[in-house]
Amino acid sequence: MGNDGDGIDDEEMPMFNAEMMVESARFSGYKDAAMALGELIDNSLQAGATKVDVLVAEKQNRVGSRRVWQAHEIAVLDNGCGMDKDTLIKGMQYGGGDKDDPKRLGKFGLGLKTASTAFCRKLSAVTRDKPDGKLLKATWDLDHVNKVNEWELLLSSASDFEKKTLDEVASGSSGTLVVWDEIDRVLKDYVDPTGYNAVQSLAKKTGSFKKHAGMTYQRYLDPDDNRARNIKMILNGENITLWDPFCQQESGEDGTEIVANSDLPILLPDGEETHATIKAFVVPHKSDFSTSEVYNEANITTDMEGFYIYRENRLIHHGGFMGMRVPDPHFSLLRIEFSFDHQLDQAFQIDIKKSKIRLEEKLYEHIKSKFLPAPLNAADQRYRGKNKKAVFEKAGSAHERSNRAISRQEK
């Protein structure tokens with residue numbers, strides 16, 4: 001582009017400041033490490049993986065005179081299709097990735113990078129696209145970007161340790177290893193990084209991710225659910241098990257009940273018609289769960305009542321009524337499964353983190369006024385009825401104990 005008199009010469013065109021941009025990208029809204037790790041797992045699923053392994057390894061380091069909390073290195077390994085050199089570079093670009101697949105779990109080509117660097121200062125991907133293929137490695141080192149003030153992706157050879165680690169999941173096959181290194185935001189800066197408080201905090205974070213993954217990828221982890229490809233997911237050597245918010249294993253007279261089930265036809269802007277599905281479950285009352293352990297696992301609270309929204313079989317939002325009504329203990333037994341595919345991304349205004357949607361006005365009003373009232377009423381009746389019965393039983397028991405006490409006194 002030349003100078004047409006009033007414009008700016010090419011040499012004078014302002015450039016993006018790489019140092020400022022890469023540090024700004026760390027504030028992309030990922031406040032939860034479990035949600036950020038989900039972006040890495042999305043990539044593994046998109047690559048066709050049947051096994052995903054998450055590792056949290058101990059590591060300590062210093063960067064110059066500054067002590068960086070690097071007590072733990074996090075890695076995600078898979079046996080997916082892997083990448084050749086061009087695909088690796090494209091995948092590590094901000095805004096890059098496979099945009100030819102409309103069903104991809106990643107939408108904008110930003111998730112892997114922004115989610116990772118929100119918690120670490122060095123992100124590496126090690127990959128091979130065939131069993132006997134050469135291992136390729138690409139790294140975003142934020143300190144290097146700051147030093148040279150350029151968007152410089154580092155290409156290097158994988159170490160023997162990285163090859164050995166990848167082979168633990170993808171021995172004799174293609175696969176990818178993604179590593180978070182120089183982690184400075186997963187845990188706060190403890191005085192003693194090996195002390196009790198630091199260890200307990202890490203255990204809490206690890207447990208949080210395990211629950212998040214079991215809920216988010218429920219359909220992928222359930223061998224009896226044919227809506228999604230079945231996978232095996234492991235965290236530090238332990239299988240991650242699915243969490244079913246609808247408690248469908250609790251059958252029987254007072255078990256989980258489907259109180260509404262509807263197919264919603266939706267007209268796209270181009271005139272094509274597609275659909276979403278919506279199904280309302282009323283889960284058992286506390287007194288009707290098979291065991292107290294199953295009840296505790298079900299997490300029956302107002303925070304967990306309401307909508308569970310799935311895009312391409314991956315949970316993207318859970319809890320609450322999307323502004324249709326306020327939380328209420330009387331509706332704590334109501335959980336609504338709302339599912340749609342990639343065709344509705346634009347209509348539902350999916351955000352970068354794939355964590356929220358905004359329903360079109362007519363659909364919103366239809367669900368609020370036509371679909372929701374009956375399930376709300378069913379959940380309210382079960383909650384009030386069981387609570388009323390429990391109160392009577394408690395009162396009757398107290399009355400019985402009182403009569404026995406009076407009888408003893410009389411004797």
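Helices, taken as H or I runs of at least four residues, and strands, taken as E runs of at least two, are DSSP runs numbered from the N terminus. With that numbering, Asn-149 can be placed in the loop between helix 5 (142-148) and strand 7 (154-156), in what is a predicted model. The phi of Asn-149 is near 55°, a positive value in a residue other than glycine, and the residue is partly exposed, with a relative accessible area of 35%.

Another asparagine with a positive phi is Asn-313, where the angle is near 70°. Asn-313 lies in the loop between strand 13 and strand 14, and with a relative accessible area of 17% it counts as buried, because the cut-off for that word is under 20%.

The two strands that flank Asn-313 belong to an open sheet of five strands, whose order is 11-12-15-13-14 and whose pairing is mixed. Strand 11 (257-267) and strand 14 (314-318) are the edge strands, each pairing on one side only, and from one strand to the next the twist averages 20°.

Following the sheet from the edge at strand 11, one comes to strand 12 (residues 273-282), which runs antiparallel to strand 11 and is joined to it by 10 bridges; within this pairing, Ser-262 stands opposite Ile-278. Strand 11 and strand 12 form a hairpin with five residues between them, and Gly-271 in the turn has a positive phi of about 95°. Strand 12 is in turn joined to strand 15 by six bridges, again in the antiparallel sense, with Val-282 opposite Leu-334 of strand 15. The parallel component of the mixed sheet appears where strand 13 (residues 306-311) and strand 15 (residues 334-340) pair over six bridges, and here Tyr-310 of strand 13 faces Ser-339 of strand 15.

Which residues does Cys-247 touch, once residues up to four places away in sequence are set aside? They are Thr-256, Val-283, Pro-284, Phe-289, Ala-298 and Arg-335. Cys-247 itself lies in the loop between strand 10 (238-239) and strand 11, and it is buried, with a relative accessible area of 1%. Although Cys-247 and Val-283 are 36 residues apart in sequence, their C-alpha atoms are 6.4 Å apart in space.

Turning to helix 11 (residues 361-371), its buried residues are Leu-363, Tyr-364, Ile-367 and Phe-371. Seen down the axis of helix 11, these buried residues fall within an arc of 105°, so they line one face of the helix. Glu-361, Lys-362 and Lys-370 are exposed on the other side of helix 11. The N-terminal end of helix 11 is capped by Glu-360, which has a side-chain oxygen 3.2 Å from the backbone nitrogen of Lys-362.

The largest nonpolar core holds 46 residues, of which Met-92, Trp-180, Phe-209 and Met-233 touch the most other members. Helix 2 (residues 33-46) gives the most to this core, with seven residues. Phe-209 touches Ala-34, Leu-37, Ile-41, Val-54, Leu-235 and Ile-240, not counting residues up to four places away in sequence. A second, separate core of 37 residues includes Ala-280, Val-283, Phe-371 and Ala-379; among these, Phe-371 is also one of the buried residues of helix 11, and Val-283 is also one of the residues that Cys-247 touches.

Technical notes: Residues are numbered from 1 along each chain as its sequence is written. This is a predicted model: local features need pLDDT of at least 70, side-chain atom pairs count only at pLDDT 80 or more; totals for chains, interfaces and linings use all residues. Side-chain values use heavy atoms; hydrogens and water are left out. Two strands pair if DSSP finds at least two bridges between them. Axes are lines fitted to C-alpha atoms, for helices over the stretch in contact, and angles run from 0 to 180 degrees between N-to-C directions. Buried means under 20% relative accessible area, exposed over 50%, partly exposed in between (1.4 Å probe, protein chains only). The arc is that of the directions from the helix axis to the C-beta atoms. A polar contact is a pair of N or O atoms within 3.5 Å; within protein, one must be able to donate a hydrogen and the other to accept it, and residues adjacent in sequence count only if both atoms are side-chain atoms. A nonpolar core is a set of buried Ala, Val, Leu, Ile, Met, Phe, Trp, Tyr and Cys residues joined through side-chain atoms within 4.5 Å. Contact means heavy atoms within 4.5 Å.
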